[in-house]
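Reader: I have a structure open in front of me and would like to learn how to read it. Could you walk me through a few features?

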Amino acid sequence: MKRATPVTSANVPPVRTVDEHIHRRRWAILGVLVISLLVVVLDNSILNVAIKTIADPDKGLGATQSELQWAINSYTLVFAGLLFTAGILGDRFGRKRTLVFGMVIFGLASLLSAYSQSPGQLIAARAVMGFGGAFVMPATLSIISNVFEPQERPKAIGIWSGAVGLAIAIGPITGGALLDHFWWGSVFLINVPIVIVGIVAMLLLVPDSRDPRPGRLDPVGVVLSIAGLVSLVYGIIRGGDAGWGSVEVLGTIVLGLLILGFFIWFEKRSDHPALDVKFFRDPAFSAAAAAIGLIFFALLGVTFFMAFYLQSVRGYTPLQTGLLLLPLAIAQLLFSARSSGMVKRFGVRAVTTGGMLVVGLSFLAFLGMDRTSPIWILCVVFFFQGLGMAHVMPPATNSIMSSLPREKAGAGSAVSNTVRQVGGALGVAILGSVLSSVYRDRISADLDKTLPPNMPKGPAGDSVEATLAVAGRLGERGTALVDPAKDGFIDAMHAASIGSAVVGLIGAVVVFLWMPRRAAGQTAPRAGRPEVPAEEQRSAKV
């Protein structure tokens, strides 16, 4: 009996599943996709720098604290609510079409935001930006899955993930530089030329792809997903503002969870589901999605209070604050694309667990930070956070995308980006609430001693910024509040850091227990033989 020849890279010719013409320009296509991703992610981090200027009645729109929050949250609410639906529509009608459509809407809404005449107009324009952005982000990742061969896809996704970190870091730098020379609307207007260049490049370079067998539409599932996500995210956002015991907050969160629960029940029984919930039975899919959500919960919660620490407590300008975040971006850029090599050597479970541990432990380093700590220590901590993220985000994202067939790439991308947005919103809301609660407790006694009897204590204790503003208005009497306010914020920051660390370490446990040792399409390396992706092995047997 003839002995079967083992499948190796030496006797199996490379199987090309991507058109040769598309394959040759794959890196140029990735560059175009990164540009579109950068402009969407960059916008949110830029806005954080411009908030104070927009609140100024002379230089900005005179927006109140609530209006400023909704200028940020209207984008997040629409963006997160539509991500899943946008991914499904891309699979059905063409990913290039939805990408270009999203970029056009995003560019026009950026123009409207730049020239808004009132806070209400800005909030509405930002919601439209979120609508456009929801069609851009899932399309970029699903196009990558259809342009790159399995063996190169992890590296491409690593570059894609690194671009997210880069945008988060350079946003404050760009915003600070613009506000030093131009009016507040420039932070939105800068999107327009980037969008125009991106659209032209997309039309020339990016191929279209879609699910060849999309089946019937599932309008009930689509409506349920939008209603459930919008209700859940709205409740999370309001929880950080109105308090978690509020009837409105608890009601909308419970309603959102009930709708999403009914959505899952409905999809399991549908013969043409918008989301095949059987995907979540695959540990490579569900554990990776959990890792993405948990790491963004911890990271965005920390970056939220770091802005106050650097600017309100340490006295750095917005531009300097952005520059101090560069180590995080540099680490992501250096290691994200290289994480695929670590996965090949040690396996996806080991790499993502290690990355989550690094991120979780790095949050504990903030416990040693005070008002006079050497700033280089913070830069080192940021670098290690970026290093950890670079070994979680690309492998986890690739694990999600590799566990699905290519024709369902839009749905997989949508799930990945949705858990990222929901996790980030939860992080800002919950850790922001912890920060506010601890700060109010710490500053309460000092406010009682310092404020005049006719001045309400509540608004002055809302945040370190509010306390310092009141101190400035009180003149010499208010100087007694400055040190307690800064010390109180440090205590609150330490409490939030512990919360972030706990979430990061929970993520490490989840990944270690449920993430498969090897990702879909990955085989264990053998001595002296390069590994052959599972997709190529299957193709070779056909």
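**Reading pockets, patches and contacts**

Author: Happily! Keep in mind that this is a predicted model. Let's start with a pocket: α9 (219-242), α10 (247-269), α11 (283-313) and α18 (409-450) each supply at least two residues of the lining of the second largest pocket.

Reader: What is the volume of the second largest pocket?

Author: The volume is about 570 Å³. The lining is made up of 21 residues, and those closest to the centre of the pocket are L229, F280, V415, T418 and V419.

Reader: How many nonpolar, polar and charged residues does the lining of the second largest pocket have?

Author: Sorting by class is a good habit. Here 16 of the lining residues are nonpolar and 5 are polar, while no charged residues appear.

Reader: Now the outside. Which residues form a nonpolar patch on the surface?

Author: The patch is formed by L357, L361, L364, L367, I498, V502 and I506, and together they have about 560 Å² of accessible area. Two helices, α15 (348-364) and α21 (479-514), each supply at least two residues of this patch.

Reader: Let me pick one member. Is V502 buried, partly exposed or exposed?

Author: To decide, look at the relative accessible area: under 20% is buried, over 50% is exposed, and anything in between is partly exposed. V502, which sits in helix α21, has a value of 44%, so V502 is partly exposed.

Reader: And what would a buried residue look like?

Author: Try A50 in helix α2 (residues 26-55). Its relative accessible area is 0%, so A50 is buried. A289, in helix α11, has a relative accessibility of 6%, so A289 counts as buried too.

Reader: How far apart in space are A50 and V187?

Author: This is where sequence and space are worth reading side by side. A50 and V187 are 137 residues apart in sequence, and their C-alpha atoms are 7.5 Å apart in space. You can read A289 and T397 in this way as well: 108 residues apart in sequence, and 7.8 Å from C-alpha to C-alpha.

Reader: How many salt bridges does a search of the whole structure find?

Author: The search finds 3 salt bridges. To spot one, look for a side-chain nitrogen of Lys or Arg within 4 Å of a carboxyl oxygen of Asp or Glu. The side chains of D483 and R371 meet in this way, at 2.9 Å from N to O. D483 is in helix α21 and R371 is in the loop between α15 and α16 (375-390), so this salt bridge ties together parts that are 112 residues apart in sequence.

Reader: Which other residue forms a salt bridge with R371?

Author: D487 does, with the closest N and O atoms 3.1 Å apart. This pair also links distant parts of the chain, since D487 is in helix α21 and R371 is in the loop between α15 and α16, 116 residues apart.

Reader: Are D483, R371 and D487 buried or exposed?

Author: Use the cut-offs again. D483 has a relative accessible area of 42%, so D483 is partly exposed. R371, at 27%, counts as partly exposed, and D487, at 38%, is partly exposed as well.

Reader: Where is the remaining salt bridge?

Author: Look at R442 and D491, whose side chains meet at 3.4 Å, N to O. R442 lies in helix α18 and D491 in helix α21, 49 residues apart, so to speak a link between distant parts of the chain. R442 is partly exposed at 42%, and D491 counts as partly exposed at 32%. As for the whole set, salt bridges that share partners join R371, D483 and D487 into one network.

Reader: Could I practise on two more charged residues?

Author: Of course. D441 lies in helix α18, and its relative accessible area is 57%, so D441 is exposed. D441 and A492 are 51 residues apart in sequence and 9.3 Å apart in space, C-alpha to C-alpha. K486 lies in helix α21, and with a relative accessible area of 18%, K486 is buried. The C-alpha atoms of K486 and D370 are separated by 9.3 Å, with their places 116 residues apart along the chain.

Methods: Residues numbered from 1 in each chain as written. Predicted model: local features only at pLDDT ≥ 70, side-chain atom pairs only at ≥ 80, totals over all residues. Heavy atoms only, no water. 1 Å grid on protein atoms, 1.4 Å probe; cavity = no way out; pocket = protein on both sides within 12 Å on 5 of 7 lines; lining within 4 Å. Points joined across faces, edges and corners; volume = space filled by probe spheres on them. Helix = DSSP H or I, 4+ residues; strand = E, 2+ residues; numbered from the N terminus. Nonpolar A, V, L, I, M, F, W, Y, C, P; charged D, E, K, R; others polar. Patch = residues over 30% accessible without salt bridge, like charges linked within 9 Å, V, L, I, M, F, W, Y side chains within 5 Å. Areas by Shrake-Rupley, 256 points an atom, 1.4 Å probe, with all protein chains shown as cover. Buried < 20%, exposed > 50% of the residue type's maximum accessible area, 1.4 Å probe, protein only.
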